[in-house]
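Please read the paragraphs that follow with the sequence and the three-dimensional model side by side. They go through charged contacts, cysteines, backbone geometry and surface charge in turn.

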Amino acid sequence: MTQPTPQHAPDRERMRRALRLGNRVYQDLDYEVGAWLDIDREARVLDAGCGVGGMATVLAARAGELVAVDLDPEHVRETGERIEEAGLSGSASTRVDDITALDDPDGSFDLVWCSRVIHHLPDMLDGVRELARVAKPGGTVAIREGGFGFRVLPDEVEIGGRWFEDRLAAAGVGRFAPPRNAENGRTPYPFGWSQLLLDAGLTGVRGKTFTFDSLSPLTDDEQAWIEFHWRRWLTHDESRAALSDEDAEVIETLLDPESPHYMFARTDLHLRSATTVYTGVKP
């Protein structure tokens, strides 16, 4: 990720902190994805919407050449630093670019990778068509979208009642997936990710879901990842408005180290999530 929309600087920095945390927490999963993609050692690869470089280093280590692009100059700078720290700068480059109108000629890449960006675009189909444009005939377009959001608590705890995290997930649907209509300039696409690749002209579509599991005691990064996302329910106006006062109080209590219900004092936490990758081949 990302192909960001305009934001205030503090919001962009908070997003970068979240991306860094997520990259560290899910690093092993990223390596699993990289292995599944089965990248040829001579392949030329595009990381479209590279974020802060978590997947860029995975791809660069497997490919002959990596080009990482993002619309956010700070993301591009940080990705370049990560690539250099990993000793991969000889086979990788970075630049600021818009993935909906890439500077690359047709048929430039053996693999085009795009992680958690497409759902942000005003027209998702046009976005995937642009990714397909820069793929070579016989090359692959891979998008990471969908999966399942993380869960960490048992189904029933002393406060919050049964299925508390399911209520959070339901409240978050509108926040993370605003409706697509003419009023907000987002073109509707009422079909699945696999159909999106087919409609973009790709063939041989595949999908695989990768799972993540970590039991108590959670690492410092895992705890910080959970706390970041849960606190956002309380600090982000739109998110807070989607919560009942009772559920907001539950979150505050669970994150309070002085509370007898402090969640990170529990020994039965299980952080689990899943992410799905879809691939298609350019005819």
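In this predicted model, Arg16 is a buried residue, with a relative accessible area of 7%. Its side chain meets that of Glu13 in a salt bridge, with 3.2 Å from N to O, and Glu13 itself counts as partly exposed, at 28% relative accessibility. Both residues belong to helix H1, which spans residues 9–25, and because they are three residues apart there, about one helical turn separates them. Glu13 also takes part in a salt bridge with Arg20, whose closest N and O atoms are 3.1 Å apart; Arg20 is partly exposed, with a relative accessible area of 23%. These contacts belong to a wider arrangement, since Glu13, Arg16, Arg20, Asp72 and Glu78 are linked in a network of salt bridges. In total, the structure holds 21 salt bridges.

Another of these charged pairs is formed by Asp166 and Arg151, whose side chains meet in a salt bridge at 3.0 Å, N to O. Asp166 lies in helix H6 whereas Arg151 lies in strand E6, so the pair ties together parts that are 15 residues apart in sequence. Asp166 is partly exposed at a relative accessible area of 36%, and Arg151 is likewise partly exposed, at 23%.

The stretch between these two elements deserves a look at the backbone. Trp163, in the loop between strand E6 (148–151) and H6, has a positive phi of about 60° although it is not a glycine, and with 38% relative accessibility this residue counts as partly exposed. Within helix H6 itself, which covers residues 164–176, one finds Ala169, a partly exposed residue at 32% relative accessibility. Ala169 and Gly138 are 31 residues apart in sequence, and their C-alpha atoms are 39 Å apart in space.

Where else does a residue have a positive phi although it is not a glycine? Asp38 has such a value, about 55°, and is placed in the loop between helix H2 (27–37) and strand E1 (44–48). Asp38 counts as exposed, with 65% relative accessibility. A further backbone feature is the peptide bond from Ser216 to Pro217, which is cis, with omega near 0°; Pro217 lies in the loop that runs between strand E7 (203–215) and helix H8 (220–235).

How many disulfides does the structure hold? The number is zero, and two cysteines can be examined with that in mind. Cys50 is in no disulfide, and the nearest cysteine sulfur, that of Cys114, is 10 Å away. Because a disulfide requires a pair of cysteine sulfur atoms within 2.5 Å, the 10 Å between the sulfurs of Cys114 and Cys50 leaves Cys114 in no disulfide as well. As for their surroundings, Cys50 is buried, with a relative accessible area of 4%, and Cys114 also counts as buried, at 0% relative accessibility.

The last stop is on the surface, where Glu246, Glu249, Glu252, Asp256 and Glu258 form a negative patch. One of its members, Glu258, is located in the loop between helix H10 (245–254) and strand E8 (270–281), and this residue is exposed, with a relative accessible area of 71%.

Notes. Residues are numbered from 1 along each chain as its sequence is written. This is a predicted model: local features need pLDDT of at least 70, side-chain atom pairs count only at pLDDT 80 or more; totals for chains, interfaces and linings use all residues. Side-chain values use heavy atoms; hydrogens and water are left out. Buried means under 20% relative accessible area, exposed over 50%, partly exposed in between (1.4 Å probe, protein chains only). Patches are made of residues with over 30% relative accessible area and no salt bridge: like charges are joined within 9 Å, nonpolar side chains (Val, Leu, Ile, Met, Phe, Trp, Tyr) within 5 Å. Accessible areas come from the Shrake-Rupley method with a 1.4 Å probe; for residues, only the protein chains shown count as cover. A salt bridge is a side-chain nitrogen of Lys or Arg within 4 Å of a carboxyl oxygen of Asp or Glu. Lys and Arg count as positive and Asp and Glu as negative; His and the chain ends are not counted. The place of a charge is taken as NZ of Lys, CZ of Arg, CG of Asp or CD of Glu. Helices (H or I, at least four residues) and strands (E, at least two) are DSSP runs, numbered from the N terminus.
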